[in-house]
Amino acid sequence: MKNFKPAILLICIFMLCSNISAKNPKWKLVWKDDFKKNGVIDKTKWSKIPRGTADWSNYMSSDESLYDVKKGNLILRGKVNDNLEQDSVPYITGGIFTKDKFTIKYGKVEIKAKLPNAKGCWPAFWMLPNIKDRKWPYDGEIDIMEHLNHDDIAYQTVHSGYTIDLGIKDNPLSHATAPMDKNGYNIYSVEKRPDKLVFAVNGKTTFEYPRIETDKEGQYPFDDPFYILIDMQLGGSWVGPIDDTELPVEMLVDWIKVYEMK
């Protein structure tokens with residue numbers, strides 16, 4: 001039996017190290033955009049978000065005045081539409097996503113940005129699955145950051161059939177808010193793992209959303225590859241009415257980085 005003790009010891013050490021690594025993973029940078037080329041959005045990485053019927057997308061526009069890259073920042077704008085003959089909506093907003101160009105299955109997404117403050121202003125960083133055989137909310141949604149009006153907090157949320165249709169938002173907790181510098185740059189992040197999502201603002205964990213044992217369907221639909229959305233939104237049932245006197249607004253994105261676990 002003495003011959004087995006070293007092997008048993010090595011196995012125990014390996015299991016302990018694996019557990020520590022899972023709790024405190026090391027990350028390898030695999031994708032980034034630091035927006036260094038003035039006036040140019042990298043079309044190999046990003047596409048403009050088309051208009052839709054949801055609150056967040058009903059003013060999305062490809063108008064060039066809403067997009068810029070300057071002084072190392074991506075700039076996305078929201079403003080009153082001053083060309084109603086060309087487009088009938090009262091406001092227009094800019095947004096980009098990596099749909100069909102880049103996705104991440106498991107890893108960490110970080111975004112450094114400075115957000116605008118205005119009544120009816122709703123900038124967001126979030127993720128959706130790059131699949132076509134399921135529909136929202138069953139395919140899942142990861143909101144890395146949403147900001148409303150003049151708030152000095154950021155909202156971070158998980159959506160799924162489990163949280164929306166079944167309404168189970170506290171087992172486990174599906175959302176949190178975190179303080180942020182509303183007049184400066186902040187770093188917003190999520191770790192997308194097989195067992196949980198870990199949200200943070202400026203490197204401080206805000207909350208975790210774990211996979212749990214349950215007989216309810218759709219609790220953790222986050223194993224598919226997800227793409228990234230960055231958009232400057234205006235108005236909607238959640239954020240409320242828009243104050244035209246506070247427009248236009250600009251969201252400045254310094255960089256976005258994506259990591260995989262080593």
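This text walks through the structure from its overall build to its largest pocket and then to single residues.

The model is predicted. Across the protein, pLDDT averages 92. A score of at least 70 is reached by 90% of the residues. Residues 6-21 are another matter: pLDDT stays under 50 there. The model gives that stretch zero contacts beyond four places in sequence. Where pLDDT is low, the predicted coordinates should not be read in detail.

Now the overall build. The protein has 262 residues. Its secondary structure consists of two helices and 16 strands. Along the principal axes, the C-alpha atoms fill a box of roughly 85 × 45 × 35 Å. Buried residues account for 49% of the chain. The protein exposes about 13700 Å². Carbon and sulfur atoms supply 54% of that area. Consider next the contacts between residues at least 6 apart in sequence: 73% of them join residues at least 24 apart.

Turn to the largest pocket. Its space comes to about 530 Å³. The lining holds 24 residues. Which of them lie nearest the centre? They are Glu-141, Asp-143, Glu-146, His-159 and Trp-238. By class, the lining splits into 11 nonpolar, eight polar and five charged residues. Several strands contribute. Strand E8 (121-129), strand E9 (141-146), strand E10 (153-159) and strand E11 (175-179) each supply at least two lining residues.

Glu-141 deserves a longer look. It is one of the residues nearest the pocket centre, and its place is in strand E9. Is Glu-141 buried or exposed? Its relative accessible area is 9%, so it counts as buried, the cut-off being under 20%. Beyond four places in sequence, Glu-141 touches Trp-126, Met-127, Leu-128 and Trp-136. Thr-157, Val-158, His-159, Phe-222 and Phe-226 are also among its contacts. His-159 thus appears twice in this account: it touches Glu-141, and it is one of the residues nearest the pocket centre. Lys-37 stands elsewhere. Between Glu-141 and Lys-37, the C-alpha atoms are 31 Å apart in space, and the two are 104 residues apart in sequence.

Strand E15 (226-234) offers another buried residue, Gln-233. Gln-233 counts as buried because its relative accessibility is 1%. What does it touch, leaving aside neighbours within four places in sequence? Its contacts are Trp-56, Met-60, Thr-93, Gly-120, Cys-121, Trp-122, Pro-123, Ala-124 and Trp-126. Trp-126 is also in contact with Glu-141.

Next come the loops. Glu-64 lies between strand E2 (47-48) and strand E3 (67-70). At 58% relative accessibility, Glu-64 is exposed, because the cut-off is over 50%. Gly-94 is 30 residues away along the chain, yet the C-alpha atoms of Glu-64 and Gly-94 are separated by 8.8 Å.

Asp-195 sits in the loop between strand E12 (185-192) and strand E13 (196-201). With 42% relative accessibility, Asp-195 counts as partly exposed. Beyond four places in sequence, its contacts are Pro-210, Arg-211 and Tyr-220. For the pair Asp-195 and Pro-210, the C-alpha distance is 5.9 Å, with their positions 15 residues apart in sequence.

The backbone has some features to check. Most residues other than glycine have a negative phi, and most peptide bonds are trans. Lys-71 has a positive phi of about 50 degrees, although it is not a glycine. Its loop runs between E3 and strand E4 (73-80). Lys-71 counts as exposed, at 74% relative accessibility. Asn-149 has a positive phi too, near 55 degrees. The loop that holds Asn-149 connects E9 and E10, and both of those strands help line the largest pocket.

Which peptide bonds are cis? One joins Asn-171 and Pro-172, with omega about 0 degrees. Pro-172 lies in the loop between helix H2 (161-164) and E11. Another runs from Leu-247 to Pro-248, with omega near 5 degrees. Pro-248 falls in the loop between E15 and strand E16 (249-261). E15 is also the strand that holds Gln-233.

Terms used. Residues numbered from 1 in each chain as written. Predicted model: local features only at pLDDT ≥ 70, side-chain atom pairs only at ≥ 80, totals over all residues. Heavy atoms only, no water. 1 Å grid on protein atoms, 1.4 Å probe; cavity = no way out; pocket = protein on both sides within 12 Å on 5 of 7 lines; lining within 4 Å. Points joined across faces, edges and corners; volume = space filled by probe spheres on them. Helix = DSSP H or I, 4+ residues; strand = E, 2+ residues; numbered from the N terminus. Nonpolar A, V, L, I, M, F, W, Y, C, P; charged D, E, K, R; others polar. pLDDT = per-residue confidence, 0-100. Contact = heavy atoms within 4.5 Å. Buried < 20%, exposed > 50% of the residue type's maximum accessible area, 1.4 Å probe, protein only. Areas by Shrake-Rupley, 256 points an atom, 1.4 Å probe, with all protein chains shown as cover.
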